[in-house]
Amino acid sequence: MKIQESNGKKLFEQYGIPTSRGEGFTDASQAAETFRRYANPTCIAKVEVLMGGRGKAGGVKRIQNADEAKAFAEKFLGQPFSTYQSAGESKIVRSILFTEDIPIDKEYYLGAVVDRSTRKPVLLVSKEGGVDIEEVARTNPNAIKKIHFMPEKLPTADETFAAIKGEFEDDVARQIAEMAVKLARLFVEKDAAICEINPLALSKEAQPRVLALDAKIVFDDNALFRHKELLEMKDPEEDDAREKKAKEFGLSYVSMNGNIGCLVNGAGLAMATMDMIKLAGGEPANFLDVGGGATADQVREAFKIILQDDRVEAILVNIFGGIMKCDVIAEGVIQASKEVQLAVPLVVRLEGTNVEEGRKLIQSSGLRIHSVVTINEAAAAAVKEAAEYRKSKSHAHSGR
C-alpha cells in the first residue's frame, strides 16, 4: 500500500524525522489560506499522485503569492495527471500539498528497503539526491552507501555515522545518521517495504539543517492487519481499477508497462513467464495469477481484466495443470475468447493434468489460438504475434 506524501510526512514527524512544514488540501478554495500559512514568503506546491516524476511533468512549482496558489490548485485538482514514469496512465489529482520553501544548499538521498540478495533490510545513503536513485545505482553504484541490519537489531547512530562520515562533513553526517536510525525504526515497526527521502536536503540557513523534503512510503499489504491506523491513510481512488476488479474474483493482478498480457497459474510460474517474455525481447503488461483452482468463470474475467489495458497487443496463457485441469482451462479460454470477441493474438501453453484433452479442445475450437508446448516457444510466439499485430494496426491507420 502506498500513501500520499502529506501522510508520509506526518509519519516522519511521529518518528522525529525533521521535515519541511506543510499541509495537503482537496478544495481549491483552501489554496490561498494554506499558502499564507506556510509561505516564507514563497512555498512549494505539489500535486499528490502516487507516481514519480511529478516535477518534470509540471506538478511541482514554487508559488509566489495567494493568486498563484489558487491558480495552481484550480489547474490540477480533479484533472488527470501523468508522468514519464506512469507509462501514459493518468491519475486524477484529488489533493495538493503546500510546504514551506526551504533554501537548499545540497540534495542527498536516504532510503530503507529490503535487500533481497542478503535477505536483510538495508539503509541506503547517497550524496546524489534529487535524481532517480535507480539511475545512480546503475551508473555509479559506489555513490550509494549501504548499511544492512536485522529487524530485531536496528543500527545505532554511531554505527551509521561511521559508515558514512567519509562522504559528508561530520556535522552533516551526524544529522543524517540520526535520521537514518529513525527511518529504520519506522521501516521495521510499520512493516514497510520502502521508505525513501529524495531529496534529503541540506538547508542554506545560518545553522544548516538536514530535512526530509519528500516522503515516499510503501507498506507490505500482508502486514496491514497489524496496522489499522495505516489503513486510514489509504486512498481508494489510487487503486488500479483492474487490480480492484481482480480481487473481487479472487485473482492476483498487478499492472505493468508492457504490451503482452499474461494469464498464469501460480506466482512462481507467473514470474518465470514474465522473465521469459523479457528474454524473448518483449515486455509483460501485467502479473496475473489465477491460482491453483481457477474456474472457467475466473479465466473469463481474467481475460476481461487484461483487455482493459489498451497497450496489450497479445495475450500469453501459461497453465500447469494440477488441481486445475488443462481441459477446464481450455474451455474457459475458448469461452472467454468468444465472449470478449478477442482481437489481439492469443498464445496458449498447457501442461499437466488432462493436457491432451485441453490441447484438442483448443485445436478444434475454430478460433485463432496459437497452441505451443514449451514456455520458450510461448514467449517467443507472443512477442512475434504482438509485433505483427502492432504492424497490422499501423497499416490500418495509415491506410485511412
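Does Arg300 count as buried or exposed, and at what relative accessibility? At 14% relative accessibility, Arg300 counts as buried, because buried means under 20% relative accessible area. The model in which this residue sits is a predicted one, and Arg300 offers a convenient way into it.

The side chain of Arg300 meets that of Glu339 in a salt bridge, with 3.1 Å from N to O. This pair links distant parts of the chain, since Arg300 belongs to helix H10 (residues 296-307) and Glu339 to helix H11 (residues 326-339), 39 residues apart. Glu339, for its part, is partly exposed, with a relative accessible area of 44%. Helix H10 also holds a salt bridge between Lys304 and Glu301, whose closest N and O atoms are 3.6 Å apart; being 3 residues apart in this helix, the two are separated by about one helical turn. An α-helix has 3.6 residues a turn, so residues three or four places apart point the same way. Of this pair, Glu301 is buried, with a relative accessible area of 13%, while Lys304 is partly exposed at 28%.

Seen as a whole, the protein has 13 helices and 18 strands, and its C-alpha trace spans about 80 × 50 × 40 Å along the principal axes. Of its 400 residues, 48% count as buried, and the structure holds 28 salt bridges. One of them joins the side chains of Lys145 and Glu167, at 3.8 Å from N to O, and it too links distant parts of the chain: Lys145 lies in strand E9 (residues 144-148), and Glu167 in the loop between helix H5 (157-164) and H6, 22 residues apart. Both partners are partly exposed, Lys145 with a relative accessible area of 28% and Glu167 with one of 26%.

Towards the start of the chain comes helix H1 (residues 5-14), which is largely enclosed by the rest of the structure because 7 of its 10 residues are buried. Glu5 and Lys9 are among these buried residues, and both also take part in a network of salt bridges together with Lys46, Arg54 and Asp214. After H1 comes Gly16, whose phi is positive, near 75°.

A charged residue can also be buried without such a partner, as Arg349 in strand E17 (residues 346-352) shows. Arg349 has no salt bridge, and the nearest side chain of opposite charge, that of Glu351, is 4.8 Å away; a polar contact of 3.0 Å does, however, join the side chains of Arg349 and Asn318. On the surface, by contrast, Asp105, Glu169, Asp170 and Asp171 gather in a patch of negative charge, and of these Asp170 lies in helix H6 (residues 170-189).

The backbone has some features of its own. A cis peptide bond with omega of about -5° joins Asn40 and Pro41, the latter lying in the loop between helix H2 (31-38) and strand E2 (43-47). Another cis peptide bond, with omega of about 15°, joins Asn198 and Pro199, and Pro199 lies in strand E10 (residues 192-203). In the loop between H6 and E10, Asp191 has a positive phi of about 55° although it is not a glycine. Asn354, in the loop between E17 and helix H12 (355-363), likewise has a positive phi, near 60°, and this residue is partly exposed, with a relative accessible area of 25%.

Methods. Residues are numbered from 1 along each chain as its sequence is written. This is a predicted model: local features need pLDDT of at least 70, side-chain atom pairs count only at pLDDT 80 or more; totals for chains, interfaces and linings use all residues. Side-chain values use heavy atoms; hydrogens and water are left out. Patches are made of residues with over 30% relative accessible area and no salt bridge: like charges are joined within 9 Å, nonpolar side chains (Val, Leu, Ile, Met, Phe, Trp, Tyr) within 5 Å. Accessible areas come from the Shrake-Rupley method with a 1.4 Å probe; for residues, only the protein chains shown count as cover. A salt bridge is a side-chain nitrogen of Lys or Arg within 4 Å of a carboxyl oxygen of Asp or Glu. Lys and Arg count as positive and Asp and Glu as negative; His and the chain ends are not counted. The place of a charge is taken as NZ of Lys, CZ of Arg, CG of Asp or CD of Glu. Helices (H or I, at least four residues) and strands (E, at least two) are DSSP runs, numbered from the N terminus. Buried means under 20% relative accessible area, exposed over 50%, partly exposed in between (1.4 Å probe, protein chains only). A polar contact is a pair of N or O atoms within 3.5 Å; within protein, one must be able to donate a hydrogen and the other to accept it, and residues adjacent in sequence count only if both atoms are side-chain atoms.
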